[in-house]
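Work through the exercises below with the sequence and the model at hand. Each one is followed by a solution in steps.

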Amino acid sequence: MAQCFKCNSRIDDKTLRNINCKGCKRVICTKCSGLSATSMRVVALQTPKFSYLCDECEDQLRHIPESCRLVTDLQQQVQELKTNQINIVNLDTVTNEIQERRNRIRNLIVFGIPESKANSNEDKK
Ligand SMILES: [Zn+2]
Ligand SMILES: [Zn+2]
């Protein structure tokens with residue numbers, strides 16, 4: 001004899017078909033599952049194939065992608081911080097500045113056009 005985890009009513013396997021949540025494996029009664037009589041008949045016919053998710057599990061499932069994205073975002077930020085730190089230690093910054101100064105001088109003397117703010121380094125993220 002199973003017991004519904006929501007309403008705690010006992011489920012008689014002979015009269016009511018209990019449904020197991022695919023996620024938490026808890027048993028839920030027909031009424032609490034929100035399934036229609038028609039659905040229940042289908043469930044009865046295809047019990048092995050049927051999968052039910054309770055509201056709680058469905059809710060958790062919905063939140064998983066969000067938390068995953070959050071973690072990915074954080075990892076990306078950490079990665080960016082690391083990259084930035086490396087860049088500071090790296091000679092790149094110094095070389096860039098030298099290059100920039102050279103360009104500026106060249107621009108002023110040879111082309112006479114203002115220095116472009118477009119940084120090729122920004123694209124390498
Ligand atoms: Zn119930
Ligand atoms: Zn569940």
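A residue is buried if 20 or more other C-beta atoms lie within 10 Å of its own, exposed if 12 or fewer, and partly exposed in between. The model used here is a predicted one.

**Exercise 1.** Decide whether A2 is buried, partly exposed or exposed, and place A2 in the secondary structure.

Solution. Step one: count the neighbours of A2, which gives 17 other C-beta atoms within 10 Å. Step two: compare this with the cut-offs, so A2 is partly exposed. Step three: look up the element, and A2 turns out to belong to strand β1. A further check concerns R26, which is 24 residues away from A2 along the chain; the two C-alpha atoms are separated by 9.5 Å.

**Exercise 2.** Describe the backbone and surroundings of N8 and of K25.

Solution. Step one: recall the usual case. Most residues other than glycine have a negative phi. Step two: read the angles. N8 is not a glycine, yet its phi is positive, about 65°; K25, also not a glycine, has a positive phi of about 65°. Step three: locate them. N8 sits in the loop between β1 (2–3) and β2 (10–11), and K25 in the loop between β3 (19–20) and β4 (27–28). Step four: count neighbours. N8 has 9 other C-beta atoms within 10 Å and is therefore exposed. K25 has 10 within that distance, so K25 is exposed.

**Exercise 3.** Which residues make up the largest nonpolar core, and what does C4 touch?

Solution. Step one: list the core, whose six residues are C4, I11, I19, I28, C29 and C54. Step two: take C4 and leave out residues up to four places away in sequence; its contacts are then S9, I11, V27, I28, C29 and C32. Step three: set the core against the whole protein, where 6% of the 125 residues count as buried.

**Exercise 4.** Summarise the order of the elements and the confidence of the model.

Solution. Step one: count four helices and four strands. Step two: read from the N terminus, where the order is β-β-β-β-α-α-α-α. Step three: take the mean pLDDT, which is 71, with 60% of the residues at 70 or more. Step four: find the extremes. Confidence is highest in β4, at a mean of 86, and lowest in helix α4 (residues 92–111), at 68.

Technical notes:
Residues are numbered from 1 along each chain as its sequence is written. Chains are lettered from A and ligands numbered from 1 in the order in which they are written. This is a predicted model: local features need pLDDT of at least 70, side-chain atom pairs count only at pLDDT 80 or more; totals for chains, interfaces and linings use all residues. A nonpolar core is a set of buried Ala, Val, Leu, Ile, Met, Phe, Trp, Tyr and Cys residues joined through C-beta atoms within 7 Å. Two residues are in contact if their C-beta atoms, placed from the backbone, lie within 7 Å. Helices (H or I, at least four residues) and strands (E, at least two) are DSSP runs, numbered from the N terminus. pLDDT is the predictor's confidence in each residue, from 0 to 100.
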